[in-house]
Amino acid sequence: MTSPDTLPTPTTPEGEAALRAIVEDPGQSMLAFDFDGVLSPIVDDPERAFAHPGVLPAFRRLAPSFRALAIVTGRPAELVVRLGEFAGVSELAGLLVVGHYGEERWDARTGEVTAPPVAPGVEEVRRALPDLLRRWGAPDGTRVEDKGRAVAVHVRQTADPAAATELLTDRLTELARAHDLEAQPGRMVLELKPGGMDKGAALRRLAEDVGPRALAYTGDDLGDLPAYDTVEELRTQGIAGLKVCSGSTEVTALADRADLVLDGPPGVAAFLDALADTLDA
Ligand SMILES: O=P(O)(O)OC[C@H]1O[C@H](O[C@H]2O[C@H](CO)[C@@H](O)[C@H](O)[C@H]2O)[C@H](O)[C@@H](O)[C@@H]1O
């Protein structure tokens, strides 16, 4: 028998206590994750952001022991289910996938998504954007991702993403406002989405539904900061909370607040495996 991989130790007392609570009683614990940059490596083409190969095997090992495994993503829920190959996996029959920052919920049992109607501003900006980007002089490589309930403008494939971000951020933020939407910045992307929902509210709602005694949330990007706020808020209500960061050089704001920093999606997959090893031991 091989010895279990060692679990890393969180750097804060609250994080350490939460990881201990999770290991001691996974049946009362929830593990929640962002998708891009956490479960899937960042790539140029958002359509090809498949989950890290270690994620699905680790999820299959962990899910039967846990009260809930959940994904809270800015993506459409069904797209994440496809990119992660999570559908039809028997151990993941209870997987919760919340898409569009909480607007959508995918039901693993039926494969159906519930969501409110699409905000009218989304269609308006979708139509206006190609012309506006031309007029603003958006550089080659600027790419519009039509997400159905939101529109994202990516600059990762431009020659100078920082300059493209500088050129576009205020203009896109103003455009969002004019159409009753909000601008959500991310890793070389600015998303125009309906307001009123964020990952903090989405995680709070999940925690209310699931009722865990301990939870961990793993994120990597600015849109995950509200989920960290929720973890901290839930701690004040007696729920042990672990803030995990999938580290990158692109965004450092989460690492500054995290209890545990892992080395990107490979580090997250290794952590999940070590957690499964620890529970098996
Ligand atoms: O909430 P998430 O699951 O983290 O989604 C946030 C955004 O992720 C995607 O963009 C990011 O990943 C792409 C693929 O690796 C990458 O090309 C891009 O630069 C990143 O920002 C997605 O395309 C966006 O719609 C999501 O809002």
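A pocket is here an open set of grid points with protein on both sides within 12 Å along at least five of seven lines, and in this predicted model the largest pocket, with a volume of about 210 Å³, is where the tour begins.

Select Thr 165, Gly 186, Arg 187, Met 188 and Val 189, which lie nearest the centre of that pocket among the 15 residues that line it. Colouring the lining by residue class will show 10 nonpolar, 3 polar and 2 charged residues.

Next, colour by domain, taking residues 13-103 together with 197-280 as domain 1 and residues 120-194 as domain 2, and note that each of the two supplies at least three residues of the lining. Switching to secondary structure, you will find that helix 5 (161-178), strand 8 (181-186) and strand 9 (189-194) each give at least two lining residues, and that helix 5 contributes the most, with 4 residues.

From the pocket, follow strand 8 and strand 9, which pair in the antiparallel sense over 6 bridges; to view one such pairing, select Gln 184 and its bridge partner in strand 9, Glu 191.

Now widen the selection to the open sheet of 4 strands, whose order is 6-7-9-8 and whose pairing is antiparallel. At its edges are strand 6 (143-146) and strand 8, each of which pairs on one side only, while the twist from one strand to the next averages 20°.

Finally, add helix 4 (residues 120-136), which packs on this sheet and touches strand 6, strand 7 (151-154), strand 8 and strand 9, its direction making about 25° with that of strand 7.

Methods. Residues are numbered from 1 along each chain as its sequence is written. This is a predicted model: local features need pLDDT of at least 70, side-chain atom pairs count only at pLDDT 80 or more; totals for chains, interfaces and linings use all residues. Side-chain values use heavy atoms; hydrogens and water are left out. On a 1 Å grid over the protein atoms alone, a cavity is a set of points where a 1.4 Å probe fits but cannot get out, and a pocket is an open set with protein on both sides within 12 Å along at least five of seven lines; lining residues have an atom within 4 Å of a point. Grid points are joined across faces, edges and corners, and a volume is the space filled by probe spheres set on the points. Ala, Val, Leu, Ile, Met, Phe, Trp, Tyr, Cys and Pro count as nonpolar, Asp, Glu, Lys and Arg as charged, and the others, Gly among them, as polar. Domain bounds come from an automatic or database domain assignment. Two strands pair if DSSP finds at least two bridges between them. Axes are lines fitted to C-alpha atoms, for helices over the stretch in contact, and angles run from 0 to 180 degrees between N-to-C directions. Contact means heavy atoms within 4.5 Å.
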